[in-house]
Amino acid sequence: MRRFFIEHWWAVGYGCLLTAFTVYLMLDTFWIARIYHALPQGQSAQPSGVQQPATAPLLTDTSYTDENITITLTQYRQHDTDVYVADVRLSSAKYLKTAFSQNAYGRNLTAKTSETAAEVGAILAINGDYYGAQEKDYVLRNGTIYRNTPVSGREDLAIDANGSFKIITEDETTAEELLSDGVVQVLSFGPTLVVEGSVAVTEEDEVGKAKASNPRTAIGIVDALHYLFVVSDGRTEQSAGLTLAELATLMVSLGATTAYNLDGGGSSTMVFNGEVINTPTTNGRTIQERSVSDIVYIGY
């Protein structure tokens, strides 16, 4: 054996180095946290012109109301699935925001939706597009570009400073052009669910994004400053989950004129006033939140 190692030391050494490098790549890809851009302390600092409510809000288990924000929660039973819908009306689009976990943009920076929501003082929050699971696509949040590498054919949801929704295709416009046109948020997951009040999911989308029923997260707009935050359960005996077509049809029935699918499965989580409203699960056996890289939320 000793003679073998002496004669083949280079092969043994090369194999050890290759194994170590492979392990490092796996750790770097999936575990090692890297901060590329740390946000200023107080990520939820008020944008210009945004004021805290002058009077105490009216708050119940299923509603929140002040002079700027009205949120009403309704639970539906659709396709053997519990679905949670937050109807949101705002006085200004400045109350519709996004936030990164750990207050930074980077790789493998994650936290539970409820944790990030608590850090930024969110009244209502859902998981976002999990930008950290991708190496390319647009990341434009709260008026700042963090990643501008387009993915061919990728449809994104662009939200402008007035709170209007539009669907864009990454290889047809640059992140810089979107910012110049007044876009302040870009969410990149998909597919698009609703366009001009009609179901936009195609059979190809169903195949590409898992045709099976699953937990889902979506955001939609009804009209000016009137939004829908939707999360469905799934993968449990209580809730089968929704297909994309079922989710899109539900969004239309709720009045959405434009709606977009966000990260689903174990990521799907809705938080209202510090409480997780739905039943998040990855495998159906353990009920717990998955840590994700970002949220979409309503707050000051």
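## Helix α3 and its two faces

On one side of helix α3, Ala118 and Glu119 are exposed. Before going further, please keep in mind that this is a predicted model. Which residues of α3 are buried? They are Thr113, Ser114, Thr116, Ala117 and Val120. These five cover an arc of only 165° around the axis, so they lie on the same side of α3. Ala118 and Glu119 sit on the other side of the helix.

Just after α3 comes Gly121, and its phi is positive, near 70°.

## The sheet that α3 packs on

Let us turn to the sheet next to this helix. Five strands make up an open sheet in the order β6-β23-β9-β20-β21, and their pairing is antiparallel. Which strands are at the edges? They are β6 (96-100) and β21 (275-276), each of which pairs on one side only. Helix α3, spanning residues 113-120, packs on this sheet and touches β6, β9, β20 (270-272), β21 and β23. The direction of α3 makes about 50° with that of β23.

Within the sheet, strand β9 (residues 124-127) is joined to strand β23 (residues 294-298) by four bridges, and the two run antiparallel. If you would like a pair to find on screen, try Leu124, whose bridge partner in β23 is Ile298.

## A buried hairpin: β10 and β11

Is strand β10 buried or exposed? Five of the five residues of β10 (residues 137-141) are buried, so this strand is largely enclosed by the rest of the structure. Asp137, Val139 and Arg141 point one way from β10, while Tyr138 and Leu140 point the other way. Note that Asp137 and Arg141 are buried too, along with Tyr138, Val139 and Leu140.

Strand β10 runs antiparallel to β11 (residues 144-149), and five bridges join the two. One place to look is Leu140, whose bridge partner in β11 is Ile145. The hairpin of β10 and β11 has two residues between the strands, and Asn142 takes a positive phi near 50° there.

## Strand β15 and its two partners

Strand β15 (residues 192-195) is joined by three bridges to strand β19 (residues 258-262), and these two run antiparallel. Two bridges also join β15 to strand β16 (residues 198-199), again in an antiparallel arrangement.

Val194 is a handy residue for seeing both pairings. Its bridge partner in β19 is Ala259, and Val194 also stands opposite Val199 in β16. In the hairpin of β15 and β16, two residues lie between the strands, and Glu196 takes a positive phi near 50°.

## Aromatic residues

How many aromatic pairs does a search of the whole structure find? The search finds seven. In one of them, the rings of Phe100 and Tyr105 have their centres 5.8 Å apart and their planes at 45°, so the pair counts as tilted. Phe100 and Tyr105 are both buried. These two residues also belong to an aromatic cluster with Tyr131 and Tyr146.

## Asp223, on strand β17

Asp223 is part of strand β17, which covers residues 216-223. With a relative accessibility of 43%, Asp223 counts as partly exposed, because that class lies between the 20% limit for buried and the 50% limit for exposed. Along the sequence, Asp223 and Thr257 are 34 residues apart, and in space their C-alpha atoms are 7.3 Å apart.

Note on methods:
Residues numbered from 1 in each chain as written. Predicted model: local features only at pLDDT ≥ 70, side-chain atom pairs only at ≥ 80, totals over all residues. Heavy atoms only, no water. Pairing = 2+ DSSP bridges. Contact = heavy atoms within 4.5 Å. Axes fitted to C-alpha atoms, helices over the stretch in contact; angles between N-to-C directions. Buried < 20%, exposed > 50% of the residue type's maximum accessible area, 1.4 Å probe, protein only. Phe/Tyr/Trp six-rings, centres within 6.5 Å; stacked < 30°, edge-to-face > 60°. Arc of directions from axis to C-beta.
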